[in-house]
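I opened the model today to look up strands, odd backbone angles and one acidic side chain. My notes are below the display.

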Amino acid sequence: MGGGGTGGSVKDVKSKAELDGLRQSGAPLILHFWASWCEASKHMDKVFSHLSIDFPNAHFLRVAAEEQPEISEEYSVSAVPFFVFFKDGKVFDKLEGADPSSLANKVAKVVGFIVPGEAAAPASLGMAAGPTVLETVQDLAKVNGSSQTENQVQTGLDDKLQKRLQQLIDSHPVMLFMKGTPEEPKCGFSRKVIVALKGEKVKFGTFDILSDNEVREGLKKFSNWPTFPQLYCKGELLGGCDIVISMHESGELKEVFIDHGVDIVGSGAGTGGTAEPTGLSANLNSRLQSLINSNPVMLFMKGKPDEPECGFSHKVVEILKQEKVDFGSFDILTDDEVRQGLKVFSNWSSYPQLYIKGELIGGSDIALEMQKSGELQKILTEKGIEKKEMLEDRLRSLISSSPVMLFMKGTPDAPRCGFSSKAVNALNEEGVSFSSFDILTDDEVRQGLKVFSNWPTFPQLYYKGELIGGCDIILELRNNGELKATLSE
């Protein structure tokens, strides 16, 4: 194995090149993708720092997920905290969410203290990771409810709290107790359940258990369910993330909702809970609606598609490009009235926001999840959004449309520049049959072909899809008696 680690410290990664260099050392390497606004990231960073001390021969690296979109996208980071484990320069394992015990165990495995494939019991964590980490894990378990050892039936809630919990559970036919809000989930598991519920097209209420520790700890005992999120339907606990996702994928969740008389709405995409937009002037409402409907696919983002100014906006732009759809965009950084108003109008407090045919789909996490599941493509098809022909595909098609293809200014009968005229004359003199394309009629082709061929000028001559060259090369081949032979090989 290669060079050693950081000797008990966490290093902030500033570029992909820096990360690639460290990976090549061959030493065990652990990446922590985090965000300064995410409390779970901050908590897990404490564990991460302690682990770096207990495992000094490994590299412990921290990546600001939003500030390093190139690195985040390479490892499919859609929520923080997120960890990637490397061994011998290759990805060995991943972990999403705030789970200190799993983090310590996976670090021990990648460093080599635990045999891969054998799960270390939480009780062995102190031996594997050191007493400092164990103490931190126990403290965090009290803070964020992530302990995997406190899963015994617990009793002793007072009547007042029990009544409050029951009222919260019954406050909506479908009720989700989660970390964060539908617009800003604070853990990957809560986010996954939100995506599933939107896919089921049901209205649902939510409660952020991070905002009320009494509800958070009380509900664990009340439901005899030690983790979050927790989903209820008509007062009955359905389960947590894994169960809900399994039921959603099998179609069982929809059956449960139908059996319990839960209304399926016309479109659950981006409802963001049950609140309705209020308090906006008629003029602003009209303007926002007009902007949303200005394109079949409309993205409200930070920056422009060519120059995104945040990683999450960049991610959605890339998703739409991969789906090969035309879309409009609005830079919310240029208009604070739109920026603040749209949060209220859509009941969605963050950006980017993606709309299809006037309906809110969601932000970057939801768009990515829907793309991965194929649901985004399905919605685009159902809404009649046709895929556009990508420029590169179009250029390839044009270049290959004839064995000998000349991109020129004007037409063979009426060239619009001397160089194009010389190229046409040379081909005609040699008796070469060719097709042509007037680049003056299509600026997209004109500019795109310069980049595609890495040839900045016109005319450009192609034979069987391969670039021969421009005017000078065509004339040189003719003068040497090689032009006809070159174009008939």
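These entries go from the ground rules to the sheets, then to the loops.

**Ground rules**

I am working on a predicted model, where local features need pLDDT of at least 70, side-chain atom pairs count only at pLDDT 80 or more, and totals for chains, interfaces and linings use all residues. Residues are numbered from 1 along each chain as its sequence is written, and side-chain values use heavy atoms, with hydrogens and water left out.

I take helices (H or I, at least four residues) and strands (E, at least two) as DSSP runs, numbered from the N terminus. I call two strands paired if DSSP finds at least two bridges between them.

**Entry 1: the five-stranded sheet**

I looked up the strand order first. Five strands make an open sheet, ordered 1-3-2-4-5, with mixed pairing. Strand 1 (10-12) and strand 5 (90-96) are its edges, each pairing on one side only. From one strand to the next, the twist averages 25°. For such angles, axes are lines fitted to C-alpha atoms, for helices over the stretch in contact, and the angles run from 0 to 180 degrees between N-to-C directions.

I then checked what packs on this sheet. Helix 4 (residues 100-111) does, touching strand 2 (29-34), strand 3, strand 4 (82-87) and strand 5. Its direction makes about 15° with that of strand 4. Contact here means heavy atoms within 4.5 Å.

At one edge, strand 1 runs parallel to strand 3 (residues 59-64), joined by three bridges. I found Val10 with Phe60 as its bridge partner in strand 3.

**Entry 2: strand 8 and its partners**

I moved on to strand 8 (residues 230-233). Gln230 and Tyr232 point one way from this strand, Leu231 and Cys233 the other way. In a regular strand the side chains alternate between the two faces of the sheet. All four of these residues of strand 8 are buried. Buried means under 20% relative accessible area, exposed over 50%, and partly exposed in between (1.4 Å probe, protein chains only).

Strand 8 pairs antiparallel with strand 6 (residues 174-178) over four bridges. Val174 sits opposite Cys233 there. Strand 8 also pairs antiparallel with strand 9 (residues 236-239), over three bridges. In that pair I see Tyr232 opposite Leu237. The hairpin of strands 8 and 9 has two residues between the strands, and Lys234 takes a positive phi near 50°.

**Entry 3: strand 10**

How many residues of strand 10 (297-301) are buried? I count five of its five. Val297, Leu299 and Met301 point one way, Met298 and Phe300 the other.

I checked both pairings. Strand 10 is antiparallel to strand 14 (residues 353-356), over four bridges, with Val297 opposite Ile356. Strand 10 is parallel to strand 13 (residues 328-331), also over four bridges. Met301 has Asp331 as its bridge partner in strand 13.

**Entry 4: Asp331**

That last partner deserved its own look. Which side chain of opposite charge is nearest to Asp331? It is Lys304, 6.3 Å away, and Asp331 is buried yet has no salt bridge. For charges, Lys and Arg count as positive and Asp and Glu as negative, with His and the chain ends not counted. A salt bridge is a side-chain nitrogen of Lys or Arg within 4 Å of a carboxyl oxygen of Asp or Glu.

I did find a backbone partner: the nitrogen of Leu333 lies 3.0 Å from a polar atom of the Asp331 side chain. Setting aside neighbours within four places in sequence, Asp331 is in contact with Met301, Lys302 and Gly303.

**Entry 5: loops with unusual backbone**

I listed two cis peptide bonds. Tyr351 to Pro352 is cis, with omega near 5°. Pro352 lies in the loop between helix 14 (336-346) and strand 14. Phe458 to Pro459 is also cis, with omega near 10°. Pro459 is in the loop between helix 19 (443-453) and strand 20 (460-463).

I also noted positive phi outside glycine. Asn454, in the loop between helix 19 and strand 20, has phi near 55°. Asn454 is exposed, at 68% relative accessible area. Lys201 has phi near 60° and lies in the loop between helix 8 (188-200) and strand 7 (205-208). Lys201 is partly exposed, at 34%.

Terms used. Polar contact = N/O pair within 3.5 Å; in protein donor to acceptor, adjacent residues only side chain to side chain.
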